[in-house]
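Me: Please examine the model below with me. I shall ask what each description rests on, and I should like the reasoning set out each time.

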There are 2 protein chains.
Amino acid sequence: MGERIGITYLLTVSAGEDPAARAREIALEQTVELPDGRYPEYIEHRVVGRVDALERDGARWRVTISYDPITAGDDLPQFLNLLFGNISLMQGIQVVGLELPASVLRRFSGPRFGIAGIRQLTGAVDRPLLCAAAKPMGLSSNALADRCRAFARAGIDIIKDDHGITNQPTSPFEERVPRCQDAVAAADAESGNHALYFPNVTSPIAALPARLDCARRAGCRGVIVSPMLVGIDAIHWIAETYGLAVFAHPTFTGALFHPEHGVTPEILYGQLFRLAGSDGVVYTNAGGRFPFAEGVCEAINTHLREPLGNLKPAFPVAGGGVDVERVPYWIDRYGRDMVFLIGSSLYARPDLEQASRELVEAVGRHCNV
Amino acid sequence: MGERIGITYLLTVSAGEDPAARAREIALEQTVELPDGRYPEYIEHRVVGRVDALERDGARWRVTISYDPITAGDDLPQFLNLLFGNISLMQGIQVVGLELPASVLRRFSGPRFGIAGIRQLTGAVDRPLLCAAAKPMGLSSNALADRCRAFARAGIDIIKDDHGITNQPTSPFEERVPRCQDAVAAADAESGNHALYFPNVTSPIAALPARLDCARRAGCRGVIVSPMLVGIDAIHWIAETYGLAVFAHPTFTGALFHPEHGVTPEILYGQLFRLAGSDGVVYTNAGGRFPFAEGVCEAINTHLREPLGNLKPAFPVAGGGVDVERVPYWIDRYGRDMVFLIGSSLYARPDLEQASRELVEAVGRHCNV
């Protein structure tokens, strides 16, 4: 592949269709958007995708097309466009592999904190981190701050806004964020814990800078954002401009994960969200409310943590209905470089703080720390 | 429905599953993200979705759930989240209907120009508009400007950047946009035409304001943007902040259009992109390179043009491989309040300007103007 971007697709080819023609069609659609030959000859070598490999893979065809980095540069929206822009409107094309040359990786700084940096912020050295969500939407800022306080006292490491809580009149951002942050900071001062509060900054473009300023002014060290709602570049922009840790939320990504069309979760979460600069990537764990298989989750974990040029590893954040009782099981499966996001399962207990404390203790015992 | 947001879903329910339980699950997931009863009672009435209707629809179930507007407010990213955020990660849920109460519509200004405003800018009164794309990626700014000039001389109404052309070193934005705009303005001055050039402003957040300033300074009256790459709110933000016309491009939207999971094109393009403020919405027409059915295209056209509270109608922009010879056919099918975006089919001809002129004349003859 050398210094080219390599994208591997699995194609569903119907009877009578020529897989090589389909591959060439993708190479053209994703670059020149013109049929063969309707452009000057030098453009062929400069920007048209090059079909490097094509072979049967079960009932489908596996194709690798390489692209000159000039096509996407260091522009994340255009990167998504190159990966699956117009071809999203076709059928039977699944992006299953992405190889980024060092020259492209170097243009991105990736996670600002990464696993080591988040560990340093929370003081959690040799165990997985625990994350909980202040919820539900509709509560007042004070009620949400009470929940943050309970989690912080119990020793939860990261307390985040529920991702649907934005700026509703029941808890406006500029009111909620300082109250939740103050509650966590006060609980930390009292308990000696190092809990962090990450507000949800997903918002219209015009509001984004003011919300980030507000979060930073309040003393927050990180935020959560939903890249599919505000664009993947929001991760990068926040990390670069505000110096805050960023956890990416998977809302609205699910339509990409069809069995034979889309982009696999391990590429979207494990490679692209990390490339963009996520310090943690939330995904919906196997065995919860969402139908992810354990193998997919493991592939996401692997991608987020494996060496990737100059990019720091990022925390996999397993959520979406993780049962409090099963956390030790998942630690054994996934290892310690994990964040477990526990929501409903804690809220099911009569005393949120007590339930959270028991979870923290169970994880400590399980990890002998 | 009254003053609530109504969302209609078709659910694929497997044997043994209770459709009412699935509906309730959606109502909870999209709001409180907690199972039944794990939240204070008043939250139920304040924010939890209310299942208003549930009935069989062929092999699927049709469910209407209404939401208090408080859940989304006037925040477009949160609107997308309410519509299909976390449930995108489930299976067999298709959003097929969206009813917006007047109180919600009033919070959005919608298209700034709309069909009438774009007609005024182009001077095209009683015929469909013609749009062409300056392409391909890899050409120099001067070569792209030459193509813009040819289209403008021929009488094409709107000349847009190909959506994959952003800021590649072969034609950097700040160099390309003034050159293309100047070429079109000079051709207009000479020919008496009113062609417009719409550059592609899809870009990382940090670059967005500078590119919009550059476009406005150069004299452009409108732009194209890809909402799924930079977030749907970009449409709204550009229209409100820069006063430019906005055409939305459909790249990366296709994964949403699965037969039994996602959001239908008529809702995404016809309702949401219009609500956000698109003056024109590009879609991939039937009979071109992409597999849209004619009925879907007609539904998009209808939604974009029908009365919708205080919102102006927006232009459907049929593209994605429209054949130059078939334009009269599509005019008869879709009516005159259309923009036809012709790409490859013009580039197939030996003389771009001559081919464009013949198209302009053919449309004029067909419409007796």
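Reply: Strand 4 (residues 93-99) of chain A and strand 11 (residues 261-263) of chain A run parallel and are joined by two bridges. The model is a predicted one.

Me: What makes strand 4 and strand 11 of chain A a pair?

Reply: The criterion is at least two bridges between the strands. Two bridges join strand 4 of chain A to strand 11 of chain A, so the criterion of at least two is met. Within strand 11 of chain A, A:V263 is the bridge partner of A:V95.

Me: To which sheet do these strands belong, and which strands stand at its edges?

Reply: In chain A, six strands form an open sheet of mixed pairing, in the order 2-3-1-4-11-10. Its edge strands are strand 2 (50-57) and strand 10 (257-258) of chain A, since each pairs on one side only. Helix 11 (residues 265-276) of chain A lies across strand 4, strand 10 and strand 11 of chain A, at about 30° to strand 4 of chain A.

Me: Why are strand 7 and strand 8 of chain B called edge strands?

Reply: The open sheet in chain B has eight strands in the order 7-6-5-14-13-12-9-8, with parallel pairing. Strand 7 (196-198) and strand 8 of chain B each have a single partner strand, so one side of each is left without a neighbour in the sheet. On average, neighbouring strands of this sheet are turned by 25° against each other, direction ignored.

Me: How do you know that strand 9 of chain B has a partner on each side?

Reply: Strand 8 (residues 222-225) of chain B pairs with strand 9 of chain B in the parallel sense over four bridges, and B:V225 has B:A248 as its bridge partner. Strand 12 (residues 280-284) of chain B is joined to strand 9 of chain B by two bridges, again in parallel, with B:G280 as the bridge partner of B:F247. Both counts satisfy the requirement of at least two bridges, so both are pairings. Elsewhere in the sheet, strand 5 (residues 129-134) of chain B pairs with strand 14 (residues 339-342) of chain B over four bridges, in the parallel sense.

Me: What makes both faces of strand 9 of chain B count as covered?

Reply: In a regular strand, side chains alternate between the two faces of the sheet. For strand 9 (residues 245-248) of chain B, B:A245 and B:F247 are buried on one side, and B:V246 and B:A248 are buried on the other. Both faces are therefore covered.

Me: Why is A:C131 not assigned to a disulfide?

Reply: A disulfide requires two cysteine sulfur atoms within 2.5 Å. The sulfur of A:C131 is 11 Å from the closest cysteine sulfur, in A:C148, so the separation is too far for a bond. A:C148 is in no disulfide either: the nearest cysteine sulfur, in A:C180, is 3.7 Å away. Over all chains, the structure holds zero disulfides.

Me: Why are A:C131 and A:C148 called buried, but A:E306 partly exposed?

Reply: Buried means under 20% relative accessible area, exposed means over 50%, and partly exposed lies in between. A:C131 has 1% and A:C148 has 0%, so both count as buried. A:E306 has 26%, and is therefore partly exposed. A:E306 is placed in the loop between helix 12 (294-305) and strand 13 (315-319) of chain A.

Me: What makes the link between B:R176 and B:D161 a polar contact?

Reply: The distance limit is 3.5 Å. The side chains of B:R176 and B:D161 are joined at 2.9 Å, so the distance falls within that limit. B:R176 lies in helix 7 (residues 173-191) of chain B and, at 0% relative accessibility, counts as buried. Its contacts beyond four places in sequence include B:S141, B:L144, B:Y197 and B:N200.

Me: How do you know that helix 3 of chain A is mostly covered?

Reply: Nine of the nine residues of helix 3 (residues 76-84) of chain A are buried. Among them are A:Q78, A:F79 and A:N81. At the start of this helix, a side-chain oxygen of A:D75 reaches to within 3.0 Å of the backbone nitrogen of A:Q78.

Definitions and conventions:
Residues numbered from 1 in each chain as written. Chains lettered and ligands numbered in written order. Predicted model: local features only at pLDDT ≥ 70, side-chain atom pairs only at ≥ 80, totals over all residues. Heavy atoms only, no water. Buried < 20%, exposed > 50% of the residue type's maximum accessible area, 1.4 Å probe, protein only. Contact = heavy atoms within 4.5 Å. Axes fitted to C-alpha atoms, helices over the stretch in contact; angles between N-to-C directions. Polar contact = N/O pair within 3.5 Å; in protein donor to acceptor, adjacent residues only side chain to side chain.
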